[in-house]
Amino acid sequence: MLQNRIRESLTARIFLITVLILLGAGAITFGFIAWATPSTYTAVVNDELTQQVDALVEQLSSTAVDGAGSLLDAFIQSTGAAAMLVGPDGKVADTGSRLAVQAVYEDDSTVVTVSESDFSNSAAAGTGQTGDAVSVTMSEQATITAEVEFSGQNGTYTLYVTPRMQAENLAVQALIQMAPWLLLVLAAFSLLCALAYSRYITRPIVRISGIAEKMAELDFHWECGEQRRDEIGKLGRSLDRLSQRLSAALHELETANCALRGEVERERELDRQRMAFFSAASHELKTPVTILKGQLSGMLEGVGVYRDRDKYLLRSLQVTGRMEGLVREMLEITRMEAGTAAIRQEPVDLSGLVRRQLALDGALPEQRGQKVTAALAPGITVCGDAPLLSKAVGNLLSNAALYAPEGAEIRVWCGLLDRCPALTVENTGARISEEALPHLFEAFYREEGSRSRRTGGSGLGLYLVKMILERHHAACTIENLEDGVRATVRFPRKTE
């Protein structure tokens, strides 16, 4: 478990490595201090002792040999070193000192002993006599020698001084005794430093790692906000820029995908409409073709009523004309849907266009005994294609006459409606169900199955009106009135 934690966490690895480095550095430092302390301590003691010896020699030079004992005792007490003064004859001088090394004569031999003091166990010296010479053997410590010339004495005396130090000095012993506590303090200090250091180093890296995981999940609603000026700060700011660009690119891609889906849906709807259109057109053509075929067959065979050929030839001609009109409208719609029909953009006098169309289509209302009233304001102009607009207005007028009862009134108005050019066509005595109103501009739609054939309509008139008006950025609405039906065409407002 711990190994997995260390393997998966950068913070844990840096924490562990930092702890080991600090503990190792502390252990090496402690070992170096323990190794270097004895020699350093000895060198410091010897240097200080050498200075004290020089001062003692200067003091002894102004005294006699028998008066040097007090000076030697004071020196030994202050320094803790062992001292011995040897005369010019090679024998230990009798200075009257209680602490310095003295000579005891027994059986004509010389024995060198150490006077009793607190330092008697720290150092020792011995002499061996060969003839008249006295050899002096000092302790294992580094001995300092100095030549002394006493006042009123001939010859040079030699002063031997040996520092009384143990091989393992007290400073090292103190360090060894403090080692467990030092180790505990060092461990605690290392843990705290490693924890702070690892969190400081890895916190931005862990945060950037979390941000990278969010980016992998296409989540760009965040900001690193790194203020550092080092490489980690540069990495954080680079991630911010990368996130912004990826978010913008993703948004553009989503927008393009939505537009593409919309285009696909529109294409599917257009295909569906085309299929419905061709299906309805086939059905509309099938009926007159069947009628025409039956009439021609009956006339050729001379069966029953079809013997009156003139009568049924006239009917066949009427059916053929109906088929011709249907095919013509289908071709017009096909060209407009394909975009091959060019639409001119030129000023068109809408009032004059409606007046001319009323003159051309006036025969149909007269045949049905219908009354036509027109209120056309002069100077109403729109921008568009005059022949196409004439076709749309003609379809509206013919629909109003065909679907109104005999003796009805047809009212035509042209003027400004909310500062927009507009045209209204009303026919009295007609009524359209609320369910049929949204479908009136669909191809081949009929509110009732026989109405188109009874009135002679193809079922494409209003569909063609809608297509023409859409290409002129105009709109047509049909609504029921108390006494009839009104169709309203509204053109876009003219720009000043």
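Reader: What makes Ser-70, Gln-77 and Ser-78 of helix H3 count as exposed?

Author: Exposed stands for a relative accessible area over 50%, buried for one under 20%, and partly exposed for what lies in between (1.4 Å probe, protein chains only). Ser-70, Gln-77 and Ser-78 fall in the exposed class, on the other side of H3 from its buried residues. This is a predicted model, in which local features need pLDDT of at least 70 and side-chain atom pairs count only at pLDDT 80 or more, while totals for chains, interfaces and linings use all residues. Residues are numbered from 1 along each chain as its sequence is written, and side-chain values use heavy atoms, with hydrogens and water left out.

Reader: Which residues of H3 are buried, and how do you know where they lie around the helix?

Author: H3 covers residues 69–79, and its buried residues are Gly-69, Leu-72, Asp-73, Phe-75 and Ile-76. Viewed down the H3 axis, these buried residues fit within an arc of 160 degrees, so they line one face of the helix. The arc is taken from the directions that run from the helix axis to the C-beta atoms. After H3 comes Gly-80, with a positive phi near 75 degrees.

Reader: Why is the contact of Glu-263 and Arg-266 called a salt bridge?

Author: The term requires a side-chain nitrogen of Lys or Arg within 4 Å of a carboxyl oxygen of Asp or Glu. For Glu-263 and Arg-266 the N to O distance is 2.4 Å, so the pair qualifies. Both residues sit in helix H5 (residues 231–301), 3 residues apart, which is about one helical turn. Helices here are DSSP runs (H or I, at least four residues) and strands are runs of E (at least two), numbered from the N terminus. Glu-263 has 40% relative accessibility and is partly exposed; Arg-266, at 45%, is partly exposed as well.

Reader: What makes Arg-268 exposed, and Glu-265 partly exposed?

Author: Arg-268 has a relative accessibility of 53%, so it counts as exposed. Glu-265 has 47%, so it counts as partly exposed. The two form a salt bridge, with 3.4 Å between the closest N and O atoms. They too are separated by about one helical turn of H5, being 3 residues apart.

Reader: How do you know that Glu-426 and Arg-486 form a salt bridge, and what does the pair tie together?

Author: Their side chains meet at 3.5 Å, N to O, so the pair meets the criterion. Glu-426 belongs to strand E12 (residues 420–428) and Arg-486 to strand E14 (residues 484–490), so the bridge ties together parts that are 60 residues apart in sequence. With a relative accessible area of 13%, Glu-426 is buried, while Arg-486, at 25%, is partly exposed. Shared partners join Glu-409, Arg-411, Glu-426, Glu-479, Asp-483 and Arg-486 into one network of salt bridges. The structure has 10 salt bridges.

Reader: What makes strands E6 and E7 a pair?

Author: Pairing calls for at least two DSSP bridges between the strands. E6 and E7 (residues 157–162) have 5 bridges, in the antiparallel sense, so they count as paired. In E7, Tyr-157 is the bridge partner of Val-148. E6 (residues 144–148) has Ile-144, Ala-146 and Val-148 on its covered face, and Thr-145 and Glu-147 on the uncovered one.
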